[in-house]
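Q: I have a protein model open beside its sequence, and I would like to learn how to read its features one at a time. Could we begin with how strands are paired?

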Amino acid sequence: MDHFDYQNGELFAEEVPLARIAETVGTPFYCYSTATLERHYKIFSEAFDDKEATVCFAVKANGNIAVLKTLGNLGAGADVVSMGELKRALAAGIPTDKIVFSGVGKTAEELAFAVEKEIFQINVESAPELETLSAVASSLGKEQAIAIRINPDVDAKTHTKIATGKSENKFGIEWDKAPEIFAKAAALPGIKVAGVAVHIGSQILDLKPFGEAFARMGDIIAALRVDGHDISRLDLGGGLGIPYEADQLSSPEDYATVVKETTAGLDCHLIFEPGRMIAGNAGVLVSKVVYVKEGETRDFAIVDAAMNDLVRPSMYEAHHDIIPVKQPAGGANIRPMDVVGPICETGDTFAKQRPLPPLESDDLVAFRSAGAYGAVMSSTYNARPLIPEVLVKGNAFSIIRKRVEVEEQMANERVPDWLKG
Ligand code: LLP
């Protein structure tokens, strides 16, 4: 459930009409709902109230400082995958003892920054990374708590570009090599082996792969303990999917049941890294129809948002519901339309043959489920601005990222001397 509903014939974010925000900030823009962010965070974290657990929001899903602060105020930690994300989490006031650093390619510089900040855990994904971290931490005179990410070789049954748990994927250590890498880690200075980590992919709606992967972690932990390792933490990653379409179901409660069944008796501090489940349906992208073009074979609604603003449809063939901001009259003539952006390539298509009520120039539409992997993946392709992000709370709204205009982008560019004059 989210807080984007029709009231008196128009779409609101909580108590604010989206049309009013559009008048103030212009289009396109992202709009997030505080009540929805809070609701989703609480549903997830309360499902583990009876466990020793830390919920680290995956900053990659939505790294806006105001969003991170909103979640941080409820007790959320952060899962970061770059020095940039770590700086964002720190800027939002997320306590360092709730920050986990994941990712396959952390550089020595990034690791040093994280070690100096004394973050809760670094999830190591390879033997060379282990060596680099050991050297970095030792030279700083620190001991860094780590988990080692294990690749469970489980098919998450999601889009291939966002599946991470198969042995052919680049992530983690092959599960049967765990004893070897843990033995190596135990012998290295500057690191303290604390746990095991796993993350099998994203937008996962079938809970079975989670169950398989988590059960495998249980087996691995048991074996590692026999080898004498003190394994006190189990990081289960993120990945729980959300309903982008009406017939999709996602249940944090059922996910929690799978977690509890598969980790019962392990006596581990559980760590979670949910991103999409918390932020996805807490945001919409609002755009304006520029033209409606009626073609020979199909009709196009050309909107002022484009693939640079929301890349998911063109990158993953992702579905986002598109609804008019002005509520369509009952019995409106629904017809199929292609919804496209203004960018000069066919990939700039949000939806093909989508049943939509009549639209005309200047109508506002909202792309739902755009709060995760929306703004963070945007670019300035076609010299377009980075669009604003707005946060609503009750009847108030605030611009939490201003539009970054092309003049500001060009200000970072330099013309070499030989081209001057
Ligand atoms: N932890 C790790 C180590 C991850 O790699 C990810 C996502 C997460 C947590 C959060 O997963 P979530 O709970 O959000 O599913 N850009 C893609 C999604 C990429 C996800 C990458 N890793 C999209 O727009 O669908």
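A: Let us do so, keeping in mind throughout that this is a predicted model. To read a pairing, look for the bridges between two strands and for the direction in which the strands run; here strand 14 (residues 283-294) and strand 15 run antiparallel and are joined by five bridges. The two strands form a hairpin, with four residues between them, and one pair to look for is valine 289 with its bridge partner in strand 15, valine 303.

Q: In which sense does strand 15 pair with strand 17, and over how many bridges?

A: Strand 15 pairs with strand 17 (residues 335-340) in the parallel sense, over three bridges. A place to see this is isoleucine 302, which stands opposite valine 340 of strand 17.

Q: Is strand 15 mostly covered or mostly open?

A: To judge this, one counts the buried residues, and in strand 15 (residues 299-303) four of the five are buried, so that the strand is mostly covered, given that buried means under 20% relative accessible area.

Q: Which side chains meet in a salt bridge between aspartate 299 and its partner, and at what distance?

A: Here one looks for oppositely placed N and O atoms of two side chains, and those of aspartate 299 and arginine 335 meet at 2.6 Å, N to O. The pair links distant parts of the chain, since aspartate 299 is in strand 15 and arginine 335 in strand 17, 36 residues apart. Aspartate 299 is buried, with a relative accessible area of 14%, whereas arginine 335, at 21%, is partly exposed. Both belong to a network of salt bridges that also includes Glu294.

Q: How many salt bridges does a search of the whole structure find?

A: The search finds 16 salt bridges. One of them joins lysine 260 to aspartate 50, with the closest N and O atoms 3.0 Å apart. Because lysine 260 lies in helix 9 and aspartate 50 in the loop between helix 2 (34-46) and strand 5 (53-58), this pair ties together parts that are 210 residues apart in sequence. Lysine 260 counts as partly exposed at 23% relative accessibility, while aspartate 50, at 57%, counts as exposed.

Q: What span should helix 9 have, and which of its residues are buried?

A: For the span, one takes 1.5 Å a residue, and the 12 residues of helix 9 (residues 252-263) should therefore span 16 Å, which agrees with the 16 Å between the end C-alpha atoms. The buried residues of helix 9 are Pro252, Tyr255, Ala256, Val258, Val259 and Thr263. Seen down the helix axis, these buried residues fall within an arc of 160°, and so they line one face of helix 9.

Q: What is the order of the strands in the open sheet of three strands?

A: The order is 1-2-3, and the pairing is antiparallel. Strand 1 (4-7) and strand 3 (16-17) stand at the edges with a single partner strand each, so one side of each has no neighbour in the sheet. Strand 2 (residues 10-13) is joined to strand 3 by two bridges, and the bridge partner of phenylalanine 12 is proline 17 in strand 3.

Q: Which residues make the nonpolar surface patch?

A: Val415, Trp418 and Leu419 make this patch, which is about 400 Å² in area. Tryptophan 418 lies in the segment after helix 12 (406-410), and it counts as exposed because its relative accessibility is 70%, over the 50% cut-off.

Definitions and conventions. Residues are numbered from 1 along each chain as its sequence is written. This is a predicted model: local features need pLDDT of at least 70, side-chain atom pairs count only at pLDDT 80 or more; totals for chains, interfaces and linings use all residues. Side-chain values use heavy atoms; hydrogens and water are left out. Patches are made of residues with over 30% relative accessible area and no salt bridge: like charges are joined within 9 Å, nonpolar side chains (Val, Leu, Ile, Met, Phe, Trp, Tyr) within 5 Å. Accessible areas come from the Shrake-Rupley method with a 1.4 Å probe; for residues, only the protein chains shown count as cover. A salt bridge is a side-chain nitrogen of Lys or Arg within 4 Å of a carboxyl oxygen of Asp or Glu. Buried means under 20% relative accessible area, exposed over 50%, partly exposed in between (1.4 Å probe, protein chains only). Two strands pair if DSSP finds at least two bridges between them. The expected span of a helix is 1.5 Å times one less than its number of residues. The arc is that of the directions from the helix axis to the C-beta atoms.
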